[in-house]
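Here is a short report on how parts of this chain are held against each other. Keep the sequence and the 3D view open while reading.

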Amino acid sequence: MIAKTLTGLAALDEQYGGIYRGRAMLACGRFGAGKTVFCLQFVQQGLRQGERCLMLSARPAADQVIYAEALGFPIGEAISAGNLILLEYHNFVPGRDREEDMILPPDGFVQLKKVIDTNVVQRVVLDTVLPWISVRSQDKLAEHVFSFVRAFDRLNTTTLLTMPKPVSPMAFRLKNAVEEVVPVSAMLTFDPGSGRRFLQVTKFLGERKLAPETEIAIVPGMGIVKTGLDTRPAEPPPAMAPRPAETAPARAPEPAPARSGSSFRFSSVIPYLPPANPAAPGVERQAHNKENS
């Protein structure tokens, strides 16, 4: 029997028992639909289960901490304990995020895989996945997406991938290519006029009949909840103790040398390690005191 694991999103977990452990899930939605909130709930659930988590976001790392804690997700505690690694894309600039402009260099996955392997990461969030799957050669799109998603399956991480709601033919091709490979996908919708939000699971491998669309709301301290539920903020989970030394290195991994303009930088909330050669190009690492995280 293939094991499942909870996502932290009750509207999905209660209906399907979670998603498949060690596999990827896709979540799509327009800006403001709640994708990042879902990502934070997904991470928080992993931390509750004693999993080490990694989140790579288009949002600056320090801003992500502020945003998360404003919603009632105390991820700063998990970062300080060494149970959450927060990364940010290096060259992501709002307004220049067209699919054809968001292509990572080939060494990007090698860098990320090294972080995952060295830190024994079990749960991964890529918010957004676009830089990893966009290719200029459209005839190789399906093959590229298949290889990328399968690479995460081989890492045995439970992975949440997000994408903006597609609005162009190319974006629809990307979404369809990812949805074809992952066993679970969902769409988050938001109507700014009425303020109503909905969750629709659009694929769940092994389920003959999918649940109808569920109306949801975003509640501080709880994240995304089904409407009509008790929306009093839940007690935050206790801070996890640092992992034993044999399963977690005392130092964050040193990235392999890479050319200038690498795919992502280590978050400023990861303990700062001076590079061996400050003049060498590669993945950038910023100093930042933990108390400022």
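The text below covers one helix pair and then a set of salt bridges.

**Helix packing**

This is a predicted model. Start with helix 2 (residues 35-48) and helix 3 (residues 61-70). Their axes come within 11 Å and cross at roughly 80°. Angles of 65 to 115 degrees count as roughly perpendicular, so helix 2 is roughly perpendicular to helix 3. Helix 2 brings Thr 36, Val 37 and Leu 40 to the contact. Helix 3 brings Gln 64, Tyr 67 and Ala 68. By class, the residues of this contact are four nonpolar, two polar and no charged.

**Salt bridges**

The model has eight salt bridges. Three of them are listed here, with the separation of the N and O atoms.

| Salt bridge | N to O distance |
|---|---|
| Arg 23 with Asp 153 | 3.3 Å |
| Arg 123 with Glu 51 | 2.7 Å |
| Arg 150 with Asp 153 | 2.9 Å |

Take Arg 23 and Asp 153. The closest N and O atoms of this pair are 3.3 Å apart. Arg 23 sits in the loop between strand 2 (19-20) and strand 3 (24-29), while Asp 153 belongs to helix 7 (residues 141-155), so the salt bridge ties together parts that are 130 residues apart in sequence. The two partners also differ in exposure. Arg 23 is partly exposed, at a relative accessible area of 24%. Asp 153 has 16% relative accessibility and counts as buried. The cut-off for buried is under 20%.

Asp 153 has a second partner, Arg 150, at 2.9 Å from N to O. Arg 150 and Asp 153 are three residues apart in helix 7, so about one helical turn separates them. Arg 150 counts as partly exposed, with 25% relative accessibility.

Which residues are joined into one network by salt bridges that share partners? They are Arg 21, Glu 51 and Arg 123.

Within that network, the side chains of Arg 123 and Glu 51 meet at 2.7 Å, N to O. Arg 123 is part of strand 6 (residues 123-127) and Glu 51 is in the loop between helix 2 and strand 4 (53-57), so this pair ties together parts that are 72 residues apart in sequence. Both Arg 123 and Glu 51 are buried.

Terms used. Residues are numbered from 1 along each chain as its sequence is written. This is a predicted model: local features need pLDDT of at least 70, side-chain atom pairs count only at pLDDT 80 or more; totals for chains, interfaces and linings use all residues. Side-chain values use heavy atoms; hydrogens and water are left out. Axes are lines fitted to C-alpha atoms, for helices over the stretch in contact, and angles run from 0 to 180 degrees between N-to-C directions. Helices (H or I, at least four residues) and strands (E, at least two) are DSSP runs, numbered from the N terminus. Angles under 35 degrees count as roughly parallel, over 145 as roughly antiparallel, 65 to 115 as roughly perpendicular and the rest as oblique. Contact means heavy atoms within 4.5 Å. Ala, Val, Leu, Ile, Met, Phe, Trp, Tyr, Cys and Pro count as nonpolar, Asp, Glu, Lys and Arg as charged, and the others, Gly among them, as polar. A salt bridge is a side-chain nitrogen of Lys or Arg within 4 Å of a carboxyl oxygen of Asp or Glu. Buried means under 20% relative accessible area, exposed over 50%, partly exposed in between (1.4 Å probe, protein chains only).
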